[in-house]
Amino acid sequence: MDLTVGPNPFFWDTPLWQAFHDGLADIPVARVVLGELVCSKRLPFYQDAIPGAVERLLAAGKEVAVTSLALVTLKRERKLTADLADMDVPVEVNDLTALAHIPAGRPFWVGPLVNVYNEGTLGWLARRGAQRVCLPPELPLASVARLAAEGARLGVAIEVWGHGRVPLAISGRCYHARLHDRAKDNCQFVCGEDPDGREVDTLDGRPFLAVNGVQTLSASCASMARQVEALRDAGVAALRLSPQTGDFARLTRLYADRLAGRIDGDALAAALLPDTPGGRLSDGFLTGAAGAAWSGAA
Amino acid sequence: MQTTATLPLCPPLLAAAIRPLPLAPLGLALSALSRRLAARHPGMFRRLGGHAGKRFALDLTDMPLALLLAPGGGRVRITAHRRAPAAEVRISGPLSAFLGMMHGAYDGDALFFSRDLTVEGDTEAALALRNAIDDAELDLAAELQTLAGPLRAPLAAVLTAAERRTGVALHRVEGAWA
Amino acid sequence: MMELVCPAGTPAALRAAVEAGAHAVYCGFADETNARNFPGLNFSREEMAAGIAHAHARGAKVLVAINTFPRAGAEPLWHAAVADAAAAGADAVILADIGLLAHTAERHPGLRRHLSVQAAAANPDAINLYAEAFGVKRVVLPRVLTVAEIAAINREIDVETEVFVFGGLCVMAEGRCSLSSYATGRSPNMNGVCSPASHVVYAEEGPDLFARLGGFTIHRTPKGAPAPYPTLCKGCFTSGPQTGHIFEDPVSLDATALIPALAKAGVRALKIEGRQRSRAYVAEVVRTFRAAVEAVAAGRPMPEGALARLSEGQARTTGAYAKTWR
């Protein structure tokens, strides 16, 4: 099993974005997906930095893909999505719109926002050219195992959401703008004020969700720290680490240590917790009663 | 359909008149009636599925009366009580809300949204009961009249008059609610 | 005239919808294959066959929703639902999953396929992909589009479009939301339920009534005040200094006023949400909308509807159809 860094779901200023991606060249991850996943309005701020980042990561021996937008409605967004197919690296499809623009036979990756729930869907995507599939985070372990077995048969690498606030929903409406009493078209990029998302608590003060523009995330950070053996036994090829602020190189090294057997699940969880946005880990989608649950000690 | 904002309530005088009545005969009569309904509407109990084994307390808030309904997989039992007894589900509201929902005069969701009906306990079982009853297209007045034998015609007249005077749905409402 | 596609959670509701003027009724089997897998709802195989016969005898169509995402290792359950819908004489099946679409196109090429809103095909490129790959004939558009965007989509596709006009409103792109399973373990995509009643607990604490879902407080209302059902995305939450309905107010969709604009935008069918509602509700809403689409088709002004009291929290919205909603 190895590690993939997913696309940054948040809106970071360009220096931070650049420093983050430059830093990935020196850390033990096999591959990186970059580009804009959540909101097309953010892209003009940093799109000029993307080709350089791709080049440096490729030079450092990483596999690289660019993500498609999660929700494509505007003409400009369709154009952006079509243009991805012209890049020299694979597209990670996070909405089927992107697939419409990828020429037949050209390999692509599939991200966690495409609904791959069963063998039939995986098989169809494989026949279209899917090389890797990161499964939707809500899948239980039984489904992951079935799909990993089918992926092995089809020659498709199966990846699982390994660490980070879980992408739970995408909307036409911008909740960040709504919280600031602004319309989406006049958002003034307020999502940039919350580089790990803006927390949403229940009325009794319990952390619950986090909004990130048009996206809704979990308040807890999913972590497969305690599930590595189960996922490896199931045949999962990679864990996806989702960008967050703080010392990401340390986070990645900790996961690499865990995969190499140098630390156990509880030690990894304990080491991760102080830097975890929201201060809580979860792994309930895989084996728990609900996604928010955590298999370890509270 | 009538608006739920103006649910008719049981007149206090009638509620007072009911208070001293013995409850056991009422329970027996209701059980007999509901077994008859069960025999005629087997689909209703199929729809309840795993919830048929649960007990539903129907707390009539405008009457000194609560009913305990135990579908028991077709062997229905209804008992009458002064206060709502312990049960997996408790649904509270005026008699007219229950009868109106049963007869398709009111929408259950709308009654819950407006809190004319409130649910405590097993919400899923309450939902299953509501859906099962909605599909059964029950008509309490028609069932009562069938039971009444030779008294059928006078009973029909009494029920229609009662329905008019109280605004409580005692017949199945058929396409007349628009 | 635009086709009116109406919900039926039970055979009684199906008959009520047909009686009230539905051109088509959509419904599903009583299991996890459909996205309204609620207790006490939906159709057995026999009920489906009888319901379809009843509708056909009165000139109405029946569309069978098999619109959850099949569980890995359990696809035969969904394949059987498609085969049984075909055998029962369904006029179309409403599907969301790629694998199930591929299976249906291959094994039941003569069975008309509609793309469920759960597939969230929100632009012409995605819609044309589903049309080319799986022979989809109609797309139910996700509730994230404005009327102008719908018109633009219709200019670039060859398949029919269907849009929601009344009832419950998802604020998230449907089929792409795991909020419910995050809180309860049960989701629309996998189990056909959202914010399921099995995980709802109402508790009176002090002067307030708390409505909790999977242990998370979704609403707190003073005792005696209207208490909406704790649907997760319509909940009241706190973020920083703000407390309120962060995602959406407890409103329901009412696009009655937009029917003429939707007709002009080339929309083929109007869909009413509410398979979980009573036959009484279905009949009233269908009758009102049938009068509206007839008026629009005849170039008459639309009759004033009186549907507000059937709505959640008695408040209505035109949702994403107006750009300001975003």
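Student: Before we look at the strands, when do two of them count as paired?

Tutor: Happy to start there. Two strands pair if DSSP finds at least two bridges between them. In this predicted model, S8(C) and strand S9 (residues 208-213) of chain C meet that condition in the antiparallel sense, and their bridges number six.

Student: Which residue of S9(C) is the bridge partner of C:Val200?

Tutor: Let's zoom in on that antiparallel pair, S8(C) and S9(C). The bridge from C:Val200 leads into S9(C), where its partner is C:Leu213.

Student: Which strands stand at the edges of the open sheet in chain C?

Tutor: The sheet has three strands, in the order S8-S9-S10, with antiparallel pairing. On average, neighbouring strands are turned by 20° against each other, direction ignored. An edge strand has a single partner, so one side of it is left without a neighbour in the sheet; in chain C that describes S8 and strand S10 (216-222).

Student: Why is chain C said to be as compact as a globular protein of its length?

Tutor: Chain C holds ten helices and 15 strands. For 326 residues the globule rule gives 20 Å, and the radius of gyration is close to that, so chain C is as compact as a globular protein of that length, at 19 Å.

Student: What percentage of the residues of chain C count as buried?

Tutor: Picture the setting before the number: along the principal axes, the C-alpha atoms of chain C fill a box of roughly 60 × 50 × 40 Å. Among its contacts with a separation of 6 or more, 62% join residues 24 or more positions apart. A residue is buried if 20 or more other C-beta atoms lie within 10 Å of its own. Of the 326 residues in chain C, the buried share is 64%.

Student: Which two chains share the most contacts?

Tutor: We can rule out one combination at once: chain A and chain B do not touch, with their nearest C-alpha atoms 18 Å apart. The contact between chains C and B takes 29 residues from chain C and 33 residues from chain B. Where A meets C, 52 residues of chain A are in contact with 52 residues of chain C. Of the two pairs in contact, the one with the most contacts is chains A and C.

Student: Which element gives the largest share of the side of chain C that touches chain B?

Tutor: Helix H1 (11-19), strand S8 (200-205) and helix H10 (279-297) of chain C each supply at least two residues there. By class, this side has 16 nonpolar, six polar and seven charged residues. The largest share is six residues, and it comes from H10(C).

Student: What is the largest C-alpha distance among the cysteines that UniProt lists for "binding site"?

Tutor: The unreviewed UniProt entry lists A:Cys39, A:Cys174, A:Cys187 and A:Cys191. They are spread over 153 residues of sequence yet cluster in space, with a largest C-alpha distance of 11.5 Å.

Student: Is A:Cys39 buried or exposed?

Tutor: A:Cys39 sits in the loop between strand S2 (31-34) and helix H2 (43-46) of chain A. Beyond its neighbours within four places in sequence, A:Cys39 is in contact with A:Gly213 and A:Val214. Because 24 other C-beta atoms lie within 10 Å, A:Cys39 is buried.

Student: Which residue of chain C is in contact with A:Cys174?

Tutor: A:Cys174 lies in the loop between S7 and H8 of chain A, and A:Cys174 is buried, with 25 other C-beta atoms within 10 Å. Leaving aside neighbours within four places in sequence, its contacts in chain A are A:Lys184, A:Cys187, A:Gly213 and A:Val214, and in chain C the contact is C:Arg326.

Technical notes:
Residues are numbered from 1 along each chain as its sequence is written. Chains are lettered from A and ligands numbered from 1 in the order in which they are written. This is a predicted model: local features need pLDDT of at least 70, side-chain atom pairs count only at pLDDT 80 or more; totals for chains, interfaces and linings use all residues. Two residues are in contact if their C-beta atoms, placed from the backbone, lie within 7 Å. Helices (H or I, at least four residues) and strands (E, at least two) are DSSP runs, numbered from the N terminus. The radius of gyration is taken over C-alpha atoms; the globule rule is 2.2 Å times the number of residues to the power 0.38. A residue is buried if 20 or more other C-beta atoms lie within 10 Å of its own, exposed if 12 or fewer, and partly exposed in between; C-beta atoms are placed from the backbone. UniProt positions are given in the numbering used here, feature names are shortened, and annotations may be inferred rather than shown by experiment. Ala, Val, Leu, Ile, Met, Phe, Trp, Tyr, Cys and Pro count as nonpolar, Asp, Glu, Lys and Arg as charged, and the others, Gly among them, as polar. Axes are lines fitted to C-alpha atoms, for helices over the stretch in contact, and angles run from 0 to 180 degrees between N-to-C directions.
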